[in-house]
Amino acid sequence: MKQFHPVTKVKGFATKQSVRLSEKTMAKTAIANNFLTDLADVLLFITQFVRETFSRNSEVKEFFRQCFQIGYKSLPLVSITGTIMGLVLTIQSRPVLIKFGAVTMLPGMVAVSLIREMGPVITALICAGKIGSGMGAELGSMKVTEQIDAMEVSSTNPMKFLVVTRVWAAIIMVPILILYADAFGILGSWAGANIKGDVSFVLFFSQAFGSVRFMDLLPAVTKSFFFGAVIGFVGCYKGYNAGRGTESVGIAANSAVVLASLLVIIVDMIAVQITDMLI
Amino acid sequence: MNTAHTRPLDHAMHPADGSAPVIEITKLRKSFGKQEVLKNVSLKLMNGENLVVLGKSGSGKSVLIKCIVGLLHSDEGTINVFEQNVNSLDRKELGELRQKIGFLFQSGALYDSMTVKQNLEFPLRRIKKDLSEKEIEEKINVVLENVGLADALNKMPSQLSGGMRKRISLARTIVVDPMIMLYDEPTTGLDPITSDEISMLINEVQKKYKTSSVIITHDIKCVRNTADRIIMLADGEVYLEGTLKDFENSTDPFIKSFFH
Amino acid sequence: MNKAQRNRPVLVGLFVLIGLIFLIGGILMVGNLHETFKKKITVVSLFDDVSGLQTGNNVWFSGVKIGVVSNLHFYGKSQVEVSMKVETKAQQYIRKDAKVKISTDGLIGNKILIIYGGTSRHQEIQEGDTLEVEKTFSSDDMINTLQENNKNLLAITTDFKAISKKLAAGEGTVGKLLNDNSVYDNINAATASLQNASVKAQQLAGSLALFSSGLNKKGTLANALITDTVVFNSVKASVLQLQKIADTAALFVTNLKDAGCNPNSAIGVLLHDKEAGAHLKETIKNLESSSKKLDEDLEAAQHNFLLRGFFKKKAQAAKDSLPEK
């Protein structure tokens, strides 16, 4: 008997019908079950996030602490990555452009690819690694050691104190980190162009920004907010919903990084599609 | 031999002041998926007494007190704290009720990212909002002295030993002057000397702050040191309720295995 | 609170501030947004073919970016009206007779619109002006070169006419000139090319005469293509000059032939007058290269799309008339 009521699946009650199901179908049902309940959990999490965002008594101090942790503390990593990104991109594309006799287009090309794609995506992936895993591990260990419960019983809404502050800090800080990465990337590109050639700083910058349009910058900045949101949400969700025991902290951190990176790529694809449609 | 264990002993056990019980749980049922942790638990906590809930690991003791503060929602039955039904309260009302309850977590649950001082300030600033900076400082110093750790003010939790953490955690719980204290395995993972100290501290707190306490443990030494009354949980039900003497004199092999 | 924690909001603030400076600086630089605040005038041009020009492409004047292409739309049957926004600071340098062409920025770069030319006799451009587009680059250029060439040739052949007259007068003796093979060969080659050139010149002259008469007929294809009176005038002038060349060349060849018949008198001049000899040599060389160039021009003229059909039509008539000369 393969027919069963969908509601049965969702709620996970073992009805008489599902008892008769073969083991394989049962496993499938369980997977579908888990997926649907997970999805419901995520939606609930986001709804709660939105509700707590707009509720009174905001945790401004904790928000600034998180901005410091997420933004300022990630700056060295992001700037090193950005510089190397620009440097490598320049050194790699230089020979090809020389072949076409278009080496003067190098700054423009690097600037456009950095600002449109490389900067946001690579920085977001780096942040997914650093911030996402940090949130997953921190909230996961707080969950495991009952700190979240402790917060709840001391009349503090942990959703608000821990999640809302972190997610908003990520939404605001990640785009700024991406701007830093872009700036350092162009600086690195200039350095790269000067390893083999000789371009003055002013010429390089005017060439670089000569090719970048406002419509290159706008979609990039817009999508970076979504990258921040994805990283914040995934990190907090995974940490907040960590299981029991110390190993679940590791699992939470790990799955936060994996899922956040994946979602960053997916969001990027959607953003590119939308940008393509609009322009 | 099992005939008497569910019989209520209200009249024999409760202080004769006639006041209503602080916590009253009736027919509590709680399950996680298919696993039924609490089947049918009823208990009362009277004003000023130390009630020890005893049981094996996994017998649902922690679940029971988490239901009391509303961290977990019971499936059936009612939990009345100060004659308010915990399950029917909204978030705000629950928050107000929780201000009267102190909860000492099994692991201490000190906030890792904060110093001892900040840990103590955290509930204080949120629950007692009308305190001045000076009053806060004073309160923190007093409570730290009470647990004997006045010098740990600016340490991080990671710099503290297990026993010190428990004490700081206890200090954080009592700093907001709760009326009910819930101890979740206060002596677990501590050496015998430290657990004796913690037990003594629990008694001191009860005297000094005039709290009513529920102590969850499977440590008999702690039971002996603190208990006014004991409830034994087994298989999600109340197995036996009585005084320390009742338990020590019990001939039930299950109880004997605990006490000897 | 320790020192690091007190500094935290300051550091966060600084961090955000620098990030925002990057953003705002970037926006101002990249979007050329600062240019939107500059005052601009709009001028238009009509193109037959914009070869991939797009809105937003740069407009250059004397190699400086002075604006962007703001709009492209079809006009008339198949023409494209290109509107461009030009900064007012460049307005005073661009005159109403300036022209517009489409070029490429670098080898594989973007298309750019180049404004060039213009004379101070005309006034500076105003809002809404239409700048002329150079339509027939190749034929115009060719005719210009041809005219220049014609002038040179005319000068040379005039010189030669004088010399050859002296030769024909029969002063001096044969002497060295006969021994000097290179001079003799040169003259021979020059004569041959000149003959060839004169034939071609005559052919072209005849063709152009017919062509220009065809231009006057309204409604023909040629008339429709070249409505510009300037071009028509150049063609007419060319034709006249070519006819002159043909005449002079013919005379020269006849003189030379005469000189060849009477070697004693002809080469005497060269022996007698060393300066004249050197002059002759130089002239012969010039004539040679010049006639070659004319030859090339004429070849090009035949392949030019405007004149090609015309040459084909008249090919037979030309052949018939040649042997008679």
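Two residues are in contact if their C-beta atoms, placed from the backbone, lie within 7 Å. Helices (H or I, at least four residues) and strands (E, at least two) are DSSP runs, numbered from the N terminus.

The model is predicted: local features need pLDDT of at least 70, side-chain atom pairs count only at pLDDT 80 or more, and totals for chains, interfaces and linings use all residues. Residues are numbered from 1 along each chain as its sequence is written, and chains are lettered from A and ligands numbered from 1 in the order in which they are written.

**View 1. Helix α5 of chain B.** This helix spans residues 133-146 and has 14 residues. From first C-alpha to last it reaches 20 Å, close to the 20 Å expected at 1.5 Å a residue (1.5 Å times one less than the number of residues). Gly148(B) follows α5(B), with a positive phi near 75 degrees.

**View 2. The two sides of α5(B).** Ile140(B), Val143(B) and Leu144(B) are buried (20 or more other C-beta atoms within 10 Å of the residue's own; exposed means 12 or fewer, partly exposed in between). They line one face of the helix, because seen down its axis they fall within an arc of 100 degrees, taken from the directions from the axis to the C-beta atoms. Their cover includes α4 (116-127) and α6 (162-174) of chain B. Lys134(B), Glu135(B), Glu138(B), Val142(B) and Glu145(B) are exposed on the other side.

**View 3. Chain C against chain A.** Here 19 residues of chain C contact 23 residues of chain A. Helix α1 (residues 3-30) of chain C gives the most to its side, with 13 residues.

**View 4. Chain C.** The chain has 11 helices and seven strands. Of its 325 residues, 24% count as buried.
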